[in-house]
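I opened this entry to record what I looked up about charged residues and their partners. I wanted to go through them one pair at a time, with the structure beside me.

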Amino acid sequence: MTKKILVVFAHPESTSITRRLVDVTVSTLSGKGYEVMQSDLYGMRWKAVFDADDFPSRVDQQRLSFIMESAHAYSTGRQSADVVAEQAKLLAADAVILQFPLWWYSPPALLKGWIERVYAFGFAYGYKTGGNDYRFGDGILKGKRALVNVMTGGPAEDYGPRGVNGPIDQILFPLTHGALFYPGMDVLPTHAVYGAAHITTAEQIRAVEAGWRDRLAGLFTDAPIPFRLQNGGDFPDRHTMSDHVALGKTGLAAHLADDVTM
């Protein structure tokens with residue numbers, strides 16, 4: 001069967017490096033025979049704010065509980081149409097690609113809002129049992145692949161091991177581990193384009209596009225980031241690592257297999 005790819009992107013300028021690479025994504029993957037679905041969050045005028053308007057049929061009119069109302073809307077088929085459409089794309093996709101600029105050390109608000117609204121209770125969290133049984137390697141999106149393509153303003157040196165901004169993998173940990181791995185996706189190493197604002201010549205642009213095509217070639221073959229599974233034995237109580245796991249490591253580094261650094 002034809003593989004399906006969902007490309008979610010957030011940039012308002014059609015001539016930006018982000019949008020150029022989105023075009024490369026679509027043309028490259030379509031050329032391989034894949035079906036490419038797109039979610040252009042600016043073009044869609046995506047509602048970024050997660051609020052009471054997402055729940056027209058409330059369980060509790062006195063107090064807004066996002067978990068309760070999200071669970072009710074999802075389980076009773078009363079979610080807004082835009083959210084339902086994006087959930088359907090996620091379920092249909094074999095791989096998800098996120099493309100965006102890094103703004104203030106995180107994705108644009110529209111992309112964060114896409115996650116907040118689409119990741120309903122019972123769908124991306126509280127899956128099956130309504131608890132934390134299926135997360136971090138398990139979940140509704142298990143078996144799918146995810147690839148993040150981020151553009152930064154600063155040069156690569158700013159994001160080196162001792163760079164002033166910190167490593168891009170650590171900056172994006174809430175996205176790669178927290179939003180993509182949480183519901184079960186295998187997350188590939190991030191593809192960063194550094195100093196995007198200074199990529200102006202045709203030669204520079206061609207080089208960036210070629211580098212991205214090379215990464216897309218490994219979408220279904222490259223090894224994912226070896227995040228530790230919640231249900232793989234490293235977290236016996238589903239909360240804290242066993243004492244024998246990641247000896248001498250704490251923080252983000254402890255979440256990777258022992259032979260990998262972050």
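**Charged pairs and one glutamate**

I began with aspartate 133, which counts as partly exposed at 24% relative accessibility. I kept in mind while reading that this is a predicted model.

I then looked for the partner of aspartate 133, and I found that its side chain meets that of arginine 238 in a salt bridge, with 2.9 Å from N to O. This pair links distant parts of the chain, since aspartate 133 lies in the loop between helix H4 (109-118) and strand S4 (145-151), while arginine 238 lies in the segment after helix H8 (230-234), 105 residues apart. For arginine 238 I noted a relative accessible area of 36%, and so I entered this residue as partly exposed.

I next turned to a network in which salt bridges that share partners join Lys47, Asp51, Asp54, Asp82 and Arg117. Within this group I checked the pair of lysine 47 and aspartate 54, whose closest N and O atoms are 2.8 Å apart in their salt bridge. Are lysine 47 and aspartate 54 buried or exposed, or something in between? I wrote down lysine 47 as partly exposed, with a relative accessible area of 27%, whereas aspartate 54 counts as buried at 6%.

I also asked how many salt bridges there are by this rule, and the count comes to 12. One that I looked up joins arginine 19 to aspartate 40, with the closest N and O atoms 4.0 Å apart. This pair, too, links distant parts of the chain, for arginine 19 sits in helix H1 (residues 17-31) and aspartate 40 in strand S2 (residues 35-40), 21 residues apart. Arginine 19 has a relative accessible area of 18%, so I entered this residue as buried, the cut-off being under 20%. Aspartate 40 counts as buried as well, at 18% relative accessibility.

My last stop was glutamate 86, whose place is in helix H3 (residues 81-92). I recorded glutamate 86 as buried because its relative accessible area is 2%. Which residues does glutamate 86 touch, not counting those up to four places away in sequence? I listed Ser39, Met44, Trp46, Trp114 and Val118. With serine 39 I could add a further detail, namely that the side chains of glutamate 86 and serine 39 make a polar contact at 2.6 Å.

Technical notes:
Residues numbered from 1 in each chain as written. Predicted model: local features only at pLDDT ≥ 70, side-chain atom pairs only at ≥ 80, totals over all residues. Heavy atoms only, no water. Helix = DSSP H or I, 4+ residues; strand = E, 2+ residues; numbered from the N terminus. Buried < 20%, exposed > 50% of the residue type's maximum accessible area, 1.4 Å probe, protein only. Polar contact = N/O pair within 3.5 Å; in protein donor to acceptor, adjacent residues only side chain to side chain. Contact = heavy atoms within 4.5 Å.
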